[in-house]
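Reader: Got a minute to go through this one with me? I'd like to begin with how the chains meet.

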Amino acid sequence: MKLLTKTSRIYLLFSLAIYLITGFAFYWIIRSVIYDEVESRLQVERQDFEAFMKDQESWSGSCYFVENKIDVLPVRQRAPITEEFKDTLIYNRYEANSDPFRQLTFYTTIGKLDYRVSIRKSLIESYKLIEVITLAMLTFLGLLLGSMFWFQRTLSGNLWRPFYDTLAKIKGFDLTSSKKIELAPEKITEFNELNEVLKKMSDKMQHDYRSLKEFTENASHEIQTPLSLINARVEQLIQSPELTSAQTYWIDEIYQASRRMSRLHQGLLLLAKIENKQFTDVEKLNFTELAISKLIDFEEILTIRQLKTFVVNEGPFIATISPSLADILLSNLLNNAIRHNQPGGQIQIKSTSGQLCVSNTGDKLKTEPERLFERFKKESTSADSLGLGLAIVKQICDNNQLQIQYTYVEGMHQMCLLKTELVPEPKSH
Amino acid sequence: MKILIIEDEKGLAESIVDYLNKEGFICEVASTYWQAHEKVNVYNYDCIIADLTLPDGEGFGIIETLKKISATTGVIIISARNALEDKIKGLTIGSDDYLTKPFHLSELNARLKSLIRRLNFGGSNEINFDAIQVQTAARKVFVAGKETTLSRKEYDLLMYFLSNIEVALTKVSIAEHLWGDNIDSADSLDIVYSHIKNLRRKLLEKSNKDYIQSIYGIGYKFVNP
C-alpha cells in the first residue's frame, strides 16, 4: 500500500469515528435539552392543574385544556409511584395518525376520590427541530470531512512529491552505467538530507564498481601478458630441431601448465565478472534452440566419444540473460555431460517451458551432490578438469534468476535449469 | 610485407618478430603509445599488430589515427582484455581481427596471413605448396591437380598448416585454432588426432606424399617430404 493511501485511509477512518461520536453526542444533548424543557413545562401545567382543582374542587372534561392534553381517570387504589414521565403515541383524529407526546402521570385526590391524572405535551415540533439540526449537522460535518480529506491528500501529495521523485530516480539508477544520479535540492530538510545521503551512496557504489572492473581488467592484463610470453617462448623453443625426447617432454609439461594457468585465470575472471554483474546486455533467449545448436558444435567430440544424444522437446525454455553467458552456461553443461560420461553412453536434453535438463550416463558421484557446484570441486582427478565449469554455471544461474538442480535418476546424472520465482516488482505510482 | 608490432612487453614483441621474420615479414616494434603514433604517421605498413593496454595510452587511439591516414592497412588487436565490449569497440573502429592473450604465435601468423589474403583480394588468391593448391576464395583444394573434398574442419586445419610450414605446431594450438576457447582443449585433443588422420589420408591418396610429420609429445609439422 502506498504511503499516501495509508495515511488518507487512517485519517478518513479516524475522522469518521470522531464525527460519528460527535454526532451522537450532539443528538443526545439536544434531545435531553428538549426533554428537560418539555418536562418543566409539564410540571408547570401540573401546578396549574392543581391550582385549578383547589379552586373548583371538581373536574369537568370541558375546561381550557384541549382534547388529549389531559386525562383524568378515577382509580380505586394509587400506584406506588407518585409521578412518572414517559413517551407515548396518541392518535390524532384530524390527521389519522399517531403523534409523539411526552406524558406526566401523577395521582391526586379530588373530593374524596383518587384520580390518576396524565398531562401530555406534543413532541412533534421538537422532533422536527432535532431532525433539522441533525440533518444540518450531518451535511456540514460531511462537507467538512470531505474537504479536510481532499485538503490533506493534496497537501501530503505535494509534501511527499520530492520523496516519490527520488524514489523514481533511484529505481532508474543503473550501477553499471557511468551516468551519475541527479537529485535536485529540495526545500524540505529531511528530503534534502535523504537525497544527499543517496547521492553519496550511489556515487560511492559507482566508484567501487568502476575500480573493481578496472582491477579485474588490469589483473587480467598483468597475468595474461607474462603467460603470453611463456607460451611464445615455448613455441619458439619447440622449433629447434635438436630437442631430445626428455626435453620435449619437459617443454610440453611447461606448455600445458601455462595453458592451464591461463584457462584457470580466465575462468576466475569470468566468475568475478559475473559476480560484478558486468554482463548487462540481456535478451530473451530460447535455451532449447541454443542447446540443440550447441549439440551440433560438439558433434565431433560426441562421435569420437561414441555418445548418443536424445532431444525431448516439449516446449521452449525461455529466459532473459546475456547471450554470451547463455552460451557459456550451455557449453559448460554439455562439456560436463561429455566429460563425465562413459564410452557409448548417452546424453539427453529434455526441455519444457518450465525447465531444461541435460542428463548423462556415468558412474555414481563420489562427492556429495551439494558440493558439485563449489569452485575447484573436481569429480575426476584428471588434470584436464579445472573444476570451475559447474561453479561458473551456478554463478550465472544465481545472477540471472535461474536455478540449477542436480538429481541422479535411473543411472542418469541430471542437471536441470529452472526459473526462480520472480519477486513481483512493486508497482510504480 | 611490412608489419608494425605495438607491444610493450619486450619479450613478447621479440618472439613475435622472430616468428614473423622466419615467415618473411619485415617487422618493426613500437613499445609506447607515442612511439607507435609517430611510426604510424611517418611510415607505411601493410599490417599492424596492436596491444590495447600501453604504458602511456590506449591502443584504440592509434588504430583510429591509422584508419584516418590509411584505411587499407590491416589491423589485428592482441589484448588480454576479453570483454565483449572491447572486442566490439575494436572491430567497429576498424580493426580486422581480435586475438585474446595468451595466444599461439602460429595462430597469430595464420590470422595475419588470412588477413593479408583478404586485403589483397584483387591479386592472387591461391596458395601453392608443392602439389597442393588452395583457391581460398572458393575454398577449393586441389592435390596433384585433382580436386579434393575436405570437410570444413579439415580445410581449416590445412590452412593452418599452410600458414605455418616447417613449424612445429602443438596439439593444443591446433585444437584452439579449430574450435576456439569454446571447447576445453584437453577434451579436443582426441579430435585433433582424428582430423589429422583424415587430412593426412586424403593428401596421401592423391599425391603419394605424407606432408604431415608427427613430433613426438608435442604435435605436428607440415613439411615437404
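Author: Sure. About 3,700 Å² is buried between chain A and chain B, where buried area is the accessible area (1.4 Å probe) that two parts lose on being put together, summed over both. Carbon and sulfur atoms give 50% of that area. Keep in mind that this is a predicted model: local features need pLDDT of at least 70, side-chain atom pairs count only at pLDDT 80 or more, and totals for chains, interfaces and linings use all residues. As for bookkeeping, residues are numbered from 1 along each chain as its sequence is written, chains are lettered from A and ligands numbered from 1 in the order in which they are written, and side-chain values use heavy atoms, with hydrogens and water left out.

Reader: OK, and what are the scores for the model?

Author: The ipTM is 0.83 and the pTM is 0.65. For chain B the average pLDDT is 88, and 95% of the residues score at least 70. pLDDT is the predictor's confidence in each residue, from 0 to 100.

Reader: Back to the interface. How many residues of each chain are in contact?

Author: 38 residues of chain A touch 44 residues of chain B, with contact meaning heavy atoms within 4.5 Å.

Reader: And how many residue pairs are in polar contact there?

Author: There are 11 such pairs between chain A and chain B, both residues at pLDDT 80 or more. A polar contact is a pair of N or O atoms within 3.5 Å; within protein, one must be able to donate a hydrogen and the other to accept it, and residues adjacent in sequence count only if both atoms are side-chain atoms.

Reader: Which elements of chain A give two or more residues to that side?

Author: Helix 3 (189-237), helix 4 (245-275), helix 5 (287-297), helix 6 (299-304) and helix 7 (323-339) of chain A. Helices (H or I, at least four residues) and strands (E, at least two) are DSSP runs, numbered from the N terminus. Helix 3 of chain A has the largest share, 13 residues.

Reader: How do the residues on that side divide by type?

Author: 8 are nonpolar, 15 polar and 15 charged. Here Ala, Val, Leu, Ile, Met, Phe, Trp, Tyr, Cys and Pro count as nonpolar, Asp, Glu, Lys and Arg as charged, and the others, Gly among them, as polar.

Reader: How many salt bridges go across the interface?

Author: The rule finds 2 between chain A and chain B. It asks for a side-chain nitrogen of Lys or Arg within 4 Å of a carboxyl oxygen of Asp or Glu. One of them joins Arg259(A) and Glu176(B) at 2.4 Å, N to O. That pair runs from Glu176(B) in helix 7 (residues 171-179) of chain B to Arg259(A) in helix 4 of chain A.

Reader: Are those two buried or exposed?

Author: Both Glu176(B) and Arg259(A) are buried. The cut-offs are under 20% relative accessible area for buried, over 50% for exposed, and partly exposed in between (1.4 Å probe, protein chains only).

Reader: How many salt bridges are there over all chains?

Author: 26 in the whole structure. In chain A, Lys294(A) and Asp327(A) pair at 3.2 Å, N to O. Lys294(A) sits in helix 5 and Asp327(A) in helix 7 of chain A, 33 residues apart. Lys294(A) is buried at 4% relative accessibility, while Asp327(A) is partly exposed at 32%. Also, Glu39(A), Asp87(A) and Arg102(A) are linked in a network of salt bridges.

Reader: Anything similar inside chain B?

Author: Yes, Glu154(B) and Lys202(B) meet at 2.8 Å, N to O. Glu154(B) is in helix 6 (residues 152-163) and Lys202(B) in helix 8 (residues 185-207) of chain B, so the pair ties together parts 48 residues apart in sequence. Both Glu154(B) and Lys202(B) are buried.

Reader: What's the rest of chain B made of?

Author: Chain B has 8 helices and 14 strands. Of its 225 residues, 56% are buried.

Reader: Switching topic: where is Ile34(A), and what does it touch beyond its neighbours within four places in sequence?

Author: Ile34(A) lies in helix 1 (residues 3-56) of chain A and is buried, at 10% relative accessible area. Leaving those neighbours aside, Ile34(A) contacts Ser126(A), Leu129(A) and Ile130(A). Ile34(A) and Leu129(A) are 95 residues apart in sequence and 9.4 Å apart in space, C-alpha to C-alpha.
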